Amino acid sequence: MPDAPQLLHQIPDLDVITAPAQLAKLSLDYFHFSPILEPQLREKRADVVVRPTTEPQFYQIAAIARQTQTPITVRGSGTGNYGQCIPLQGGIIVDLSNYNEILWIHDGIARVQAGVKLAELERQSRPMGWEWRMVPSTVRSATIGGFIAGGSGGIGSVRYGQLRDRGNLHAVKVLTLEEEPRIMELRGYDAVQQVVHAYGTNGIILELEVPLAPAITWLEWVVSFADFWHAVHFAQTLGKSDGIQTRLISVHADPIPTFFTPLRSHLSPGHAAVLLILAVSDQEAVIDLIEQFGGWCSFTQTAPAPGKGGSLMEFSWNHTTLHARSADAQWTYLQSLFPADPEFRVMRQMAEMFGDEVPLHLEFIRQNGTLIPAAIQLVRFTTGDRLQEIIAIHEAHGVLIANPHTYLLEAGGMKTVDRAQLQFKRLVDPQGLMNPGKMAAWND
Ligand SMILES: Cc1cc2nc3c(=O)[nH]c(=O)nc-3n(C[C@H](O)[C@H](O)[C@H](O)COP(=O)(O)OP(=O)(O)OC[C@H]3O[C@@H](n4cnc5c(N)ncnc54)[C@H](O)[C@@H]3O)c2cc1C
């Protein structure tokens with residue numbers, strides 16, 4: 001019987017890739033941010049990559065996977081950090097980068113194919129008066145499907161919360177891997193949560209309906225502070241100021257700003273920096289606040305057009321880790337949520353305990369109506385045991401760690417088995433062919 005690559009070659013007009021160099025490139029993501037994941041995943045390869053452009057091609061790929069019992073791993077742009085799109089058991093990678101049509105935009109809602117780039121949606125919706133609610137700092141390269149299936153939040157989360165929050169995703173169209181693959185439209189909060197942040201383990205997302213936000217003219221500022229805690233209190237007060245519109249409040253302890261090479265001439269060693277994206281209409285109120293907290297503006301620009309480089313977004317969220325690793329590859333990171341506390345007591349304890357080993361990088365986000373500091377701290381890596389100890393100490397102090405050093409869905413941010421996602425997988429992927437090895441509850 002012919003194998004999966006041979007059968008895939010028979011699908012009319014389908015782009016099928018089997019060249020080893022391309023397979024290597026398209027099998028990996030940014031897993032190397034983690035010194036724990038790096039040795040576990042670097043050799044993993046798909047047997048074949050396909051780039052479908054039509055729904056019938058997706059059906060045929062799913063049918064071939066079923067027939068030949070071949071695993072399928074879906075890929076957007078491969079910018080995930082935990083090996084989410086790395087095929088642990090080889091098989092077929094379905095790369096959605098050519099499935100990228102914006103189907104419609106109206107009344108503040110967009111219907112898109114899953115391979116649409118986030119920046120492209122913003123580029124096309126802006127002239128109509130709309131913009132994205134939240135994007136990862138990889139906005140220029142990441143796909144919308146990849147963000148929903150593998151991401152959590154980002155620039156915009158200070159106002160709109162995270163992807164999982166009610167209202168941030170209206171509907172998804174999913175292709176199943178049942179005996180007869182079929183398309184399902186999931187609408188409403190509970191239905192869509194079955195596939196949000198499920199790492200593509202329970203269906204191929206083909207289309208999404210996402211709400212947009214009214215477009216705003218944004219400014220991008222770097223505000224410097226001699227004292228980190230002044231910077232943190234400024235950031236908190238700004239985030240809680242309901243009359244001031246912000247898209248990003250990103251706080252960096254020394255020495256992190258020194259890793260931002262393109263901004264170096266605007267930043268001084270020894271200072272903390274707050275990266276801000278704020279509405280042009282609210283700048284006077286922000287200046288007022290900066291003065292109150294003893295800060296000063298060390299860099300300002302108008303936000304670059306969507307898809308263009310040079311935005312401060314690309315120093316925030318996990319881009320901070322990227323810049324640190326460019327300066328010194330020994331840096332790795334944690335992802336955490338500190339308890340909401342106006343005095344930052346636990347954060348101060350952690351800062352005192354770990355000092356230069358774990359410099360603080362905060363991203364303020366809204367969660368269930370409350371402003372909280374999420375943190376993507378840098379960690380100067382020494383050993384796996386020490387990393388585990390740092391995580392355990394944080395957890396013992398009530399800090400929630402979404403461990404970025406595991407490819408298992410439940411061991412990362414989820415913490416517990418998501419019964420609805422597991423139930424949905426039983427229905428739509430009864431043979432466990434989708435991204436096998438990533439959902440621990442299924443493995444068990
Ligand atoms: C420097 C850097 C900065 C980052 N900043 C952020 C950030 O600010 N916020 C954030 O949330 N993340 C961030 N990330 C992680 C990542 O970039 C985002 O989550 C991004 O949205 C992933 O999109 P992608 O198209 O690259 O998805 P991929 O990495 O290709 O895929 C992600 C996961 O989704 C699955 N998937 C992809 N498409 C589909 C589909 N159509 N159907 C079903 N499953 C699918 C894949 O199998 C995989 O499990 C960052 C990563 C890096 C390297």
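Residues are called buried when their relative accessible area is under 20%, exposed when it is over 50%, and partly exposed in between, using a 1.4 Å probe on protein chains only. The structure is a predicted model, in which local features need pLDDT of at least 70 and side-chain atom pairs count only at pLDDT 80 or more, while totals for chains, interfaces and linings use all residues. Residues are numbered from 1 along each chain as its sequence is written, and side-chain values use heavy atoms, with hydrogens and water left out.

Turning to the overall fold, the protein chain holds 16 helices and 21 strands, taken as DSSP runs numbered from the N terminus (helices are H or I with at least four residues, strands E with at least two). Of its 444 residues, 58% are buried. The C-alpha atoms occupy a box of roughly 70 × 50 × 40 Å along the principal axes. The radius of gyration of 22 Å agrees with the value near 22 Å for a compact globule of 444 residues; this radius is taken over C-alpha atoms, and the globule rule is 2.2 Å times the number of residues to the power 0.38.

Helix 9 (residues 228-240) makes a good starting point for the interior. Ten of its 13 residues are buried, so helix 9 is largely enclosed by the rest of the structure; among them are Phe 228, Trp 229, His 233, Phe 234 and Leu 238. Helix 9 reaches 19 Å from its first C-alpha to its last, close to the 18 Å expected at 1.5 Å a residue, where the expected span is 1.5 Å times one less than the number of residues. At its start, a side-chain oxygen of Asp 227 comes to within 2.9 Å of the backbone nitrogen of Trp 229.

Another histidine of interest belongs to helix 11 (residues 317-327), namely His 319. His 319 is buried, at 14% relative accessible area, and its side chain makes a polar contact of 2.8 Å with the side chain of Ser 137. A polar contact is a pair of N or O atoms within 3.5 Å; within protein, one must be able to donate a hydrogen and the other to accept it, and residues adjacent in sequence count only if both atoms are side-chain atoms.

Some backbone details sit in loops. The peptide bond from Asp 254 to Pro 255 is cis, with omega near 10°, and Pro 255 lies between strand 13 (246-252) and strand 14 (272-279). Asn 368, in the loop between strand 18 (361-367) and strand 19 (370-375), has a positive phi near 50° and is exposed at 70% relative accessibility. Phe 344 also has a positive phi, near 55°, but is buried at 2% relative accessibility.

Phe 344 also helps to line the largest cavity, together with Phe 338, Pro 339, Asp 341, Arg 345, Val 346 and Met 347. A cavity is a set of points on a 1 Å grid over the protein atoms alone where a 1.4 Å probe fits but cannot get out, and lining residues have an atom within 4 Å of a point. Grid points are joined across faces, edges and corners, and a volume is the space filled by probe spheres set on the points. The largest cavity holds about 40 Å³, and the second largest about 30 Å³. Helix 12 (residues 345-354) gives the largest share of the second lining, three residues.

How values were computed: On a 1 Å grid over the protein atoms alone, a cavity is a set of points where a 1.4 Å probe fits but cannot get out, and a pocket is an open set with protein on both sides within 12 Å along at least five of seven lines; lining residues have an atom within 4 Å of a point.
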